[in-house]
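User: Please examine the model shown below and answer some questions about its surface and its metal site.

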Amino acid sequence: MTVLVEQPELELEVVEKKVDVEENELLLDGGFVVPETNSFGQTFRDYNAESERQMSVEQFYRTNHINQTYDFVKRMREDYGKLNRVEMSIWECCELLNEFVDESDPDLDEPQIEHLLQTAEAIRKDYPNEDWLHLTGLIHDLGKVLLHPSFGALPQWAVVGDTFPVGCAFDESIVHHKYFKENPDYYNSAYNTKYGVYSEGCGLNNVMMSWGHDDYMYLVAKENKSTLPSAGLFIIRYHSFYALHRAGAYEHLMNEEDVENLKWLKIFNKYDLYSKSKVRIDVEKVKPYYLSLIKKYFPEKLKW
Ligand SMILES: O[C@H]1[C@H](O)[C@@H](O)[C@H](O)[C@@H](O)[C@H]1O
Ligand SMILES: [Fe+2]
Ligand SMILES: [Fe+2]
């Protein structure tokens, strides 16, 4: 049976307003105050600022860039795409994430569940009618469960951090780009050109992205027949693809549907990034609302 999923409508005017706001970090974004600095007193996503986390984050990206090759990604997609490891609900997965801290993130050292709820609640305030977007906020990082022993306890470099296409040249806008010089694909003439194994407008769906929590959670949602709209699935799959949604690289690989979905991703990104703070959310208070959304868009138990 094919389930037809309604695509949310995005008024262009709204997008333009949001984009304007991006230029001035202090302006309100439909109610959400975009903070100037992260909880360490630095600007967000400053990968060079001297901080407690700078060195470990850079070390993280070095290992990530060396090991994310076309062959590695292909193997991981095949293996983890089988979804034969665990059966659990979405909420159970949120709870599993409680113990993990993301080593790639210069802006956050809180357990992941805090980040999920902070993102979702910030979106909910500004977009009260887009319940699919609230749920997308809650689940977008659930793929980090790959760090858990029942998923083979993958190393951080294979789970978190920004993502990028493999199979074509690594764009200069990617964080700590210099470490790609130690990646074997960098010297492979099939992979190191602008298009590599891809073609103009082929669609991101046909592009292999570095392996991590985004692509994995997308596979989980899709294979378990989530009824989230395509924009929701797109956000989950590409939210770490900063070279695209922030720097505008790789646009030549997008098709028309990608262009539409990218508008929602840009909105989402502001909440994902700037809601990171030390302000705790009362989990028990908001839990019933999110359980009702999970019920609407997902089966009770999912294969992971
Ligand atoms: O460090 C962060 C973190 O791992 C996020 O979950 C991911 O989406 C970002 O792109 C990354 O830079
Ligand atoms: Fe993420
Ligand atoms: Fe996130």
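User: How much of the area that the protein exposes do carbon and sulfur atoms supply?

Analyst: This is a predicted model, in which local features need pLDDT of at least 70 and side-chain atom pairs count only at pLDDT 80 or more, while totals for chains, interfaces and linings use all residues. Residues are numbered from 1 along each chain as its sequence is written, ligands are numbered from 1 in the order in which they are written, and side-chain values use heavy atoms, without hydrogens and water. The protein exposes about 14000 Å² (Shrake-Rupley method, 1.4 Å probe). Of this area, carbon and sulfur atoms supply 49%.

User: Which protein residues are donors of the iron ion (ligand 2)?

Analyst: Donors are N, O and S atoms within 2.8 Å of the metal (3.2 Å for Na, K and Ca); water is not among the atoms, so sites may look incomplete. The protein donors lie 2.0 to 2.2 Å from the ion. In sequence they follow the spacing D-x71-H-x25-H. They are Asp-141 (OD), His-213 (NE2) and His-239 (NE2).

User: Are His-213 and His-239 buried or exposed?

Analyst: Buried means under 20% relative accessible area, exposed over 50%, and partly exposed in between (1.4 Å probe, protein chains only). His-213 has a relative accessible area of 3%, and His-239 has 3% relative accessibility. Hence His-213 is buried, and His-239 also counts as buried.

User: Which residue bridges the iron ion (ligand 2) and the iron ion (ligand 3)?

Analyst: The two iron ions, ligand 2 and ligand 3, lie 3.7 Å apart. The bridging residue is Asp-141.
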